[in-house]
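Q: I'd like to learn how to read a model like this one, feature by feature. Can you walk me through it?

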Amino acid sequence: MTKIDQIETMILDIPTIRGHVLSMATMRTQTAVLVKIRFSDGSEGIGEGTTIGGLSYGAESPESIQSAIDTYIAPALLGRSGDEVNGAIQLIDKLVKGNRIAKTAVEIALWDGLGKRLGVPVSQLFGGAVHERLSVAWTLASGNSETDIAEAHKMIETRRHNIFKLKIGKRSVREDVAHVARIKEAVGDAASVRVDVNTAWSLQDARWGLKGLQDAGCELVEQPVPARYRRAMAELAKAYEIAVMADEALNGPEDALDVASMRSADVFAVKIGQSGGLKRASDVIAIGQAAGLGLYGGTMLETGLSTAAALQLFSTVEDLAWGTELFGPLLLTEDILAEPIIYRDFCVEIPKGVGIGARLDPDKIEFFRRDRGRTKKAVAGE
């Protein structure tokens with residue numbers, strides 16, 4: 001039996017190429033928690049847990065993610081079989097409530113290690129890939145219309161992106177709608193324009209906002225009101241032709257079932273970290289498919305590591321009607337992978353190779369790590 005011998009965590013702080021303006025924060029650095037699991041046969045799996053804007057976005061911070069893994073998850077897994085990933089997931093769920101991103105980081109490392117030992121990509125462990133590449137959106141989040149227009153035109157000209165999601169919600173509804181309308185008019189039919197409000201609007205604001213956005217030619221609005229206002233989301237989804245997408249409202253399969261049964265969205269933004277790992281994200285996908293909802297591969301602005309893991313899962317989904325936004329590595333000043341993920345022709349390519357298809361660049365890891373890392377190692381006989 002291949003046992004889990006050692007679990008190491010570290011925090012990386014990587015600057016972004018520009019300020020990334022959200023309704024609740026402006027990001028200039030992305031912080032990721034990396035996990036390395038070493039197994040008794042000498043193999044290794046790597047994973048990542050990443051959130052957005054510290055605690056301004058959700059209940060987990062990089063520091064809490066690392067603490068949950070070091071203090072509660074790692075001690076429970078040491079000495080257990082590294083091949084029984086489902087068993088590990090079930091054990092962690094019994095011992096640790098919530099902490100979905102921390103669980104995701106560990107689970108990715110377990111799947112990666114298993115895929116490497118079996119000599120197959122992780123997509124094979126979820127039934128096999130049906131795509132070699134997926135369409136990928138880019139977020140325009142400078143907060144300035146002219147800057148965003150110039151950036152959009154550059155992306156179209158270089159054939160990197162022709163789907164744009166605008167971060168709004170920090171200004172008045174009238175100002176936000178005008179900002180979106182200017183950008184949509186500038187790109188015309190050459191690109192799809194969508195928005196993400198990150199829960200910033202009241203229901204009254206959202207009624208005016210969705211009407212204005214729809215008239216401006218915007219195709220989709222993501223999480224316009226707080227996650228708990230599911231009846232309000234259902235009202236908006238029913239009242240307008242513009243698609244309404246659930247994001248912060250989706251924290252695992254239970255939420256997905258609730259949102260689907262209430263028809264609180266037209267589209268699911270599926271994030272592996274928010275779902276609680278690849279296994280739970282696959283459950284969210286299945287619920288969305290069964291309910292006839294559109295699917296979208298969401299991001300927590302992860303590095304290439306977790307992005308590769310997400311791509312392994314999304315490559316197995318027959319119909320991602322709204323594509324993906326797995327552009328996280330492109331927002332960072334440096335890529336931490338030895339072989340960066342490939343973006344071209346408006347798509348992101350599924351990484352090749354075994355496991356999640358990603359190898360770390362040790363020099364970049366050493367440069368960006370916040371401290372010297374923390375390690376949990378099994379003691380002989382335990």
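A: Sure. Keep in mind that this is a predicted model. Let's start with a single residue: Ala141 sits in the loop that joins strand S5 (138-140) to helix H5 (145-157).

Q: Is Ala141 buried or exposed?
A: The idea is to compare the relative accessible area with a cut-off, and under 20% counts as buried. Ala141 has 1%, so Ala141 is buried.

Q: Which residues is Ala141 in contact with, leaving aside its neighbours within four places in sequence?
A: Here you look for heavy atoms within 4.5 Å. For Ala141 that gives Arg18, Gly19, His20, Val21, Asp148 and Lys167. As for distance along the chain versus distance in space, Ala141 and Asp196 are 55 residues apart in sequence, with 10 Å between their C-alpha atoms.

Q: Let's try a charged side chain. Where is Lys36, and is Lys36 buried or exposed?
A: Lys36 belongs to strand S2 (residues 26-39). Its relative accessible area is 18%, and since the cut-off for buried is under 20%, Lys36 is buried.

Q: What does Lys36 touch, not counting residues up to four places away in sequence?
A: Lys36 touches Gln6, Ile7, Glu8, Met10, Glu44, Gly45, Ile46 and Leu360. For a sense of scale, take Lys36 and Thr199: they are 163 residues apart in sequence, and their C-alpha atoms are 34 Å apart in space.

Q: Now backbone angles. Which residue has a positive phi of about 40 degrees although it is not a glycine?
A: The trick is to scan phi for positive values and then check the residue type. Gln223 is the one with about 40 degrees. Gln223 is in the loop between strand S8 (220-222) and helix H8 (230-239), and Gln223 is buried, with a relative accessible area of 0%.

Q: And what is the phi of Leu301?
A: Near 60 degrees, again a positive value in a residue other than glycine. Leu301 is found in the loop between strand S11 (294-297) and H12. With 5% relative accessibility, Leu301 counts as buried.

Q: Since you mention H12, how many of its residues are buried?
A: For a whole helix, you run the accessibility test residue by residue. Helix H12 (residues 304-314) has 11 of its 11 residues buried, so call H12 mostly covered. Among them are Gly304, Ser306, Thr307 and Gln312, along with Leu305, Leu311 and Phe314.

Q: How do H11 and H12 pack against each other?
A: For a helix pair, read the axis distance, the angle, the handedness and then the residues. The axes of helix H11 (residues 278-290) and H12 come within 11 Å and cross at roughly 40 degrees, so the two helices are oblique to each other. The crossing is right-handed. Leu278, Ala281, Ser282 and Ile285 of H11 meet Ala309, Leu313 and Phe314 of H12. By class, that contact has six nonpolar, one polar and no charged residues.

Q: What about H6 and H7, at what angle do their axes cross?
A: Helix H6 (residues 173-187) and helix H7 (residues 203-216) cross at roughly 15 degrees, with axes that come within 9 Å. That makes H6 roughly parallel to H7. Their crossing is right-handed. On the H6 side you find Val173, Val177, Val180, Ala181 and Lys184, which meet Asp205, Trp208, Gly209, Gly212, Leu213 and Ala216 of H7. These divide into seven nonpolar, two polar and two charged residues.

Q: One more pair: how do H1 and H2 pack?
A: Helix H1 (residues 62-77) and helix H2 (residues 85-95) pack at about 140 degrees, with their axes 10 Å apart. That makes H1 oblique to H2. H1 passes H2 in a right-handed crossing. Ile73, Ala76 and Leu77 from H1 meet Ala88, Leu91, Ile92 and Leu95 from H2, and the contact divides into seven nonpolar, no polar and no charged residues.

Q: Last topic, aromatic rings. How many aromatic pairs are there?
A: A pair of rings is described by the distance of the centres and the angle of the planes. With centres within 6.5 Å as the rule, the count is three aromatic pairs. Phe367 and Phe368 form an edge-to-face pair, 4.9 Å centre to centre with 90 degrees between the planes.

Q: Are Phe367 and Phe368 buried or exposed?
A: Phe367 is exposed, with a relative accessible area of 64%, whereas Phe368 counts as buried at 7%.

Key:
Residues are numbered from 1 along each chain as its sequence is written. This is a predicted model: local features need pLDDT of at least 70, side-chain atom pairs count only at pLDDT 80 or more; totals for chains, interfaces and linings use all residues. Side-chain values use heavy atoms; hydrogens and water are left out. Helices (H or I, at least four residues) and strands (E, at least two) are DSSP runs, numbered from the N terminus. Buried means under 20% relative accessible area, exposed over 50%, partly exposed in between (1.4 Å probe, protein chains only). Axes are lines fitted to C-alpha atoms, for helices over the stretch in contact, and angles run from 0 to 180 degrees between N-to-C directions. Angles under 35 degrees count as roughly parallel, over 145 as roughly antiparallel, 65 to 115 as roughly perpendicular and the rest as oblique. A crossing is left-handed if the near helix is turned anticlockwise from the far one by less than a right angle, and right-handed if clockwise. Ala, Val, Leu, Ile, Met, Phe, Trp, Tyr, Cys and Pro count as nonpolar, Asp, Glu, Lys and Arg as charged, and the others, Gly among them, as polar. Rings of Phe, Tyr and Trp (its six-membered ring) pair if their centres lie within 6.5 Å; planes under 30 degrees apart count as stacked, over 60 as edge-to-face and the rest as tilted.
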